[in-house]
Amino acid sequence: MKREVARLCNWLRDRAYGEYERMLEEEILERSLPEHVAIIMDGNRRFARKIGVSAEEGYLYGAEVTERMIEWCFDLGIKQLTIYAFSIENFCRTEEEKEQLFELMRAEFEKISKDDRVHRRGVRVRAIGNISLLPASVREAIKKAEHATERYRNFRLFIAVAYSGRMEILDSVRI
């Protein structure tokens, strides 16, 4: 029964978000576009609890939504996107939860380095924050994605990980 409710919620959410995205796009296109958009990824666990799925499933759904957001910004002609993905405060989560998030980060950065859309569209990827706090596997995946995209200039994607407000400001000045 829980699975059926979750499927129904997913279907409703996808329909509602699709309509909401269309509305937003129409409204945005009526105005001049920003050069840089920033998004704070938040609420994946709460969303997962609300629809009766695991936190890990909530994180995976959040990653899918993020990919759609990147595509949407690119299609609209926005030149830079910053995604706030994992703050310093997230290090206070349980070990199991951190492991899930670190594995998701590693996989997403690995995917970026190989993603044809990234290379075709000239997306430069940079991680900002205190990267040294992350596990070696995540740091390696970040380096791989940054190296694979370092010569691109069409679109800049900043992913804030292990960040705090102060660190993010300092990193943005260095870029």
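This report describes helix α4, the salt bridges, the nonpolar cores and two local features of a predicted model.

## Helix α4

Helix α4 runs over residues 95-114 and has 20 residues. From its first C-alpha to its last the helix reaches 29 Å, close to the 28 Å expected at 1.5 Å a residue.

The buried residues of α4 include the nonpolar side chains Leu101, Phe102, Leu104, Met105, Phe109 and Ile112. Glu97, Lys98 and Ser113 are also on the buried list of this helix. Two other residues of α4, Lys111 and Glu108, are not on that list: Lys111 is partly exposed at 36% relative accessible area, and Glu108 is partly exposed at 22%.

## Salt bridges

The whole structure holds 14 salt bridges. One of the pairs involves a residue of α4 already named as buried: Glu97 meets Arg93, with 3.2 Å from N to O. Glu97 has a relative accessible area of 10%, so it falls under the 20% cut-off for buried residues. Its partner Arg93, at 21%, counts as partly exposed because buried means under 20%.

A second pair lies within α4. The side chains of Lys111 and Glu108 form a salt bridge at 3.7 Å, N to O. The two residues are three apart in sequence, about one turn of the helix.

A third pair belongs to helix α5, residues 116-121. Here the side chains of Arg120 and Asp116 meet at 3.3 Å, N to O. They are four residues apart, which means a separation of about one helical turn. Arg120 has a relative accessibility of 54% and therefore counts as exposed, the cut-off being over 50%.

Salt bridges also link several residues into a network. Its members are Glu67, Glu71, Asp75, Glu108, Lys111, Asp115, Arg117 and Arg121. The Lys111 and Glu108 pair of α4 thus appears among residues of this network.

## Nonpolar cores

The largest nonpolar core has 31 residues, and Phe109, Leu134, Ile142, Leu157 and Val161 touch the most other members. The elements giving two or more residues to this core are the helices α3 (55-76), α4 and α6 (136-149), together with the strands β2 (80-87), β3 (123-128) and β4 (155-163). Helix α4 supplies the largest share, six residues.

Which residues does Ile142 touch, not counting those up to four places away in sequence? They are Phe109, Ala127, Ile131, Leu134 and Val161. Of these, Phe109, Leu134 and Val161 are also listed with Ile142 among the members touching the most others.

A second core is separate and has five residues, among them Tyr84, Ile128, Ala160 and Tyr163.

## Surface patch

Tyr17, Tyr20 and Met23 make a nonpolar surface patch of about 320 Å². Tyr20 sits in helix α1, residues 2-29. Its relative accessibility is 44%, so it counts as partly exposed.

## Backbone at Ala162

Ala162 is not a glycine, yet it has a positive phi of about 50°. The residue lies in strand β4. Is Ala162 buried or exposed? At 0% relative accessibility, Ala162 is buried.

Conventions: Residues numbered from 1 in each chain as written. Predicted model: local features only at pLDDT ≥ 70, side-chain atom pairs only at ≥ 80, totals over all residues. Heavy atoms only, no water. Expected span 1.5 Å × (residues − 1). Buried < 20%, exposed > 50% of the residue type's maximum accessible area, 1.4 Å probe, protein only. Salt bridge = Lys/Arg side-chain N within 4 Å of Asp/Glu carboxyl O. Core = buried A, V, L, I, M, F, W, Y, C linked by side-chain atoms within 4.5 Å. Contact = heavy atoms within 4.5 Å. Patch = residues over 30% accessible without salt bridge, like charges linked within 9 Å, V, L, I, M, F, W, Y side chains within 5 Å. Areas by Shrake-Rupley, 256 points an atom, 1.4 Å probe, with all protein chains shown as cover.
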